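Subject: Structure for you to look at

Hello,

Here is the structure I said I would pass on. My notes on its aromatic contacts follow below it.

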Amino acid sequence: MSRTGGDLLPLLAQEPAKPAGGAALDQIVIATGGAAALTAVLLVLGWGHRTGRITLLQRLADLSERGPGRGLPGWAALPSVVAMLSLLTALLGMYWDISLHISHGRDEGPLANIAHYPILFGLFGIFTAGVLSVVLPKGERPGRAAVRITRDWYAPAGGVLLAGAGFYALLGFPLDDVWHRIFGQDVTLWGPTHLMLIGGAGLSLVAMMILEREGRRSFTGPADARGSAVTRWVRRGMLGGGLLIGLSVFQAEYDFGVAQFRLVHQPLLIALAAGCALVAVRLWGGRGAALFAVAFYMLVRGGVSVLVGPVIGELWASVPLYIAEALLVELAALVLIRRPLLFGAVSGLLIGTAGFAAEFAWTQVAFAMPWTGDIVVEGVLLATVAGVAGGVCGAMLAEGLEGRLPRPQVARPLFALAIVAVGVAVANGLIIHVPEGQRATVTLTDVRGGEDDRTAHARVELSPRDAVDDPAWIAVTGWQGLGLHVEPLIREAPGVYRTSAPMPLHGSWKTLIRIHDGRTLAGVPIYLPADPAIGAEAVPADPEFTRDVQSEKSILQRELKSDVPGWLWLAASAVVLLCTLALLIALGWGVARVSREYPHRAAETPREMAAT
């Protein structure tokens, strides 16, 4: 016999409730103290190096210069190694953390979530890499693009930007707690402060590319220490693959099958990542670099899925392939490689069309929420816009790194137009509709009926029956019950659907019907537990019930506060957006600076540099 809401509420009230409006004060004090201690260590090492009292950093820089950073001076070699290892650590933590939130719900506190530690250490490592690049040059100006800090202290532009990107990402952690206190917990990857964490980490790859360029042009070591063309090709391919990984993290909700936004965003994000990263690495690295970047992406991104899933025992995240997109970029390069902007635009067009078709087929076998015919027209259009915008930005990034950036009168409007185009495309995907006067009658058939293990099949009848036509998805989602259940419904008749597998209806599971049809993004709760921390009563799963179709956000994000003025949320989001634009503009400035200070040399990097 199942418990009613009145039975469950006293029971759950006896258990410690997870906080829903920010971390406990003691955890904030501990986290702040730990961050202060790490920062103090970093400052002591930097001060010791600059004054000559500590030689550890110089020894590590020399070791990196002879090893993995071969061909780069120590002030670029050591930070590059630290940044790459830190990014891999943060990536593992991010997917682990997302998996935990999907299966377990919100944290008991920031220090109680084990996945937060690799994220924090990884993001702090990115910041550390930038600081190392700033403090390591001593008694020299690290190249013509260096930024003056004091009268005789210059820092590489890439290092300054790397520290800035790392700091921006780190800043997302304390701001996330403030955000939760004001607005409640937004259990979605696309919360503004969550996007700061992801964006700062992902865009740090551009700063690393700038640093590589500065380091290579400033290297004064012997000829046998400069590294071969293969070394340069591999390093640039890894940086391009890293950029592809960083830009792909924005898709993580789709990878797990719990996207809280319209399905058309997924092909848009895939095309944007592919256009920017693969065009850039093909122009910068040479023949085959796009394919190598995808191979590196698959090794790292697939490896993270394996570690988080089968190894750690959390949820599996599907992986977009990008193989077809890389092949399309390589094919376009055969004809258009000497016209980089046109090459970027054509590559983006191919990615948004033929690449869309390839990923469409892949989602049918690899994703919990495969693409459907409902999104084809709009999906191709948005993917093409994003692919072309990303391809043009990728081309300008590569041309800037090689000292060929178009004159400012061309580059600046193109960069601005690409950002606006992507912004408009994303905003279009955010426009949704919640139907009024639509209801769902659900009939449950228990498979297991125990209080602690109840599962059931469901028959769902929508009213009016013609309200949903060829939906992007109509599915049952159960999450935050120590697992994830995502199952598309099977259509029996117009407006009538049934489950294909028993769904969980017990414990802390939150189970609902999700309807995505065109711009309609709605849901119907089936079973929700009581949540005393937010004052939410249980929604029981009766044998038969009729409920209104409502905004699924109100179900998936129950913790959000409903009494906060809308203007306050818009103002806070606008601040985050402006900070993100500032980071993008700063990176664009860095690319323009190295292009101006290091013009292309004919003997340096042939347009068709081979990997031999």
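Trp233 counts as buried, because its relative accessibility of 12% falls under the 20% cut-off. Please keep in mind that this is a predicted model.

Trp233 is one half of an aromatic pair, and the structure holds ten such pairs. Its partner is Phe292; the two ring centres are 5.0 Å apart, and the planes meet at 45°, which makes the pair tilted. Trp233 belongs to helix H8 (residues 229-248) and Phe292 to helix H11 (residues 289-311), so this contact ties together parts that are 59 residues apart in sequence. Phe292 is partly exposed, with 24% relative accessible area.

Helix H11 also contributes to a second pair, through Tyr297. Tyr297 and Tyr322 are arranged edge-to-face, with 5.0 Å from centre to centre and 85° between the planes. Tyr322 sits in the loop between H11 and helix H12 (323-336), 25 residues from Tyr297, and the pair thus links distant parts of the chain. How accessible is Tyr297? Its relative accessible area is 0%, so Tyr297 is buried. Tyr322 is likewise counted as buried, at 0% relative accessibility.

Two further items concern phenylalanine rings.

- Phe124, Phe127 and Phe167 together make up one aromatic cluster.
- Phe545 has Arg547 over its face, at 3.8 Å from the ring centre.

If you open the model, the Trp233 and Phe292 pair between H8 and H11 is where I began.

Regards

Methods:
Residues numbered from 1 in each chain as written. Predicted model: local features only at pLDDT ≥ 70, side-chain atom pairs only at ≥ 80, totals over all residues. Heavy atoms only, no water. Phe/Tyr/Trp six-rings, centres within 6.5 Å; stacked < 30°, edge-to-face > 60°. Helix = DSSP H or I, 4+ residues; strand = E, 2+ residues; numbered from the N terminus. Buried < 20%, exposed > 50% of the residue type's maximum accessible area, 1.4 Å probe, protein only. Lys NZ or Arg CZ within 6 Å of the ring centre and 35° of its normal.
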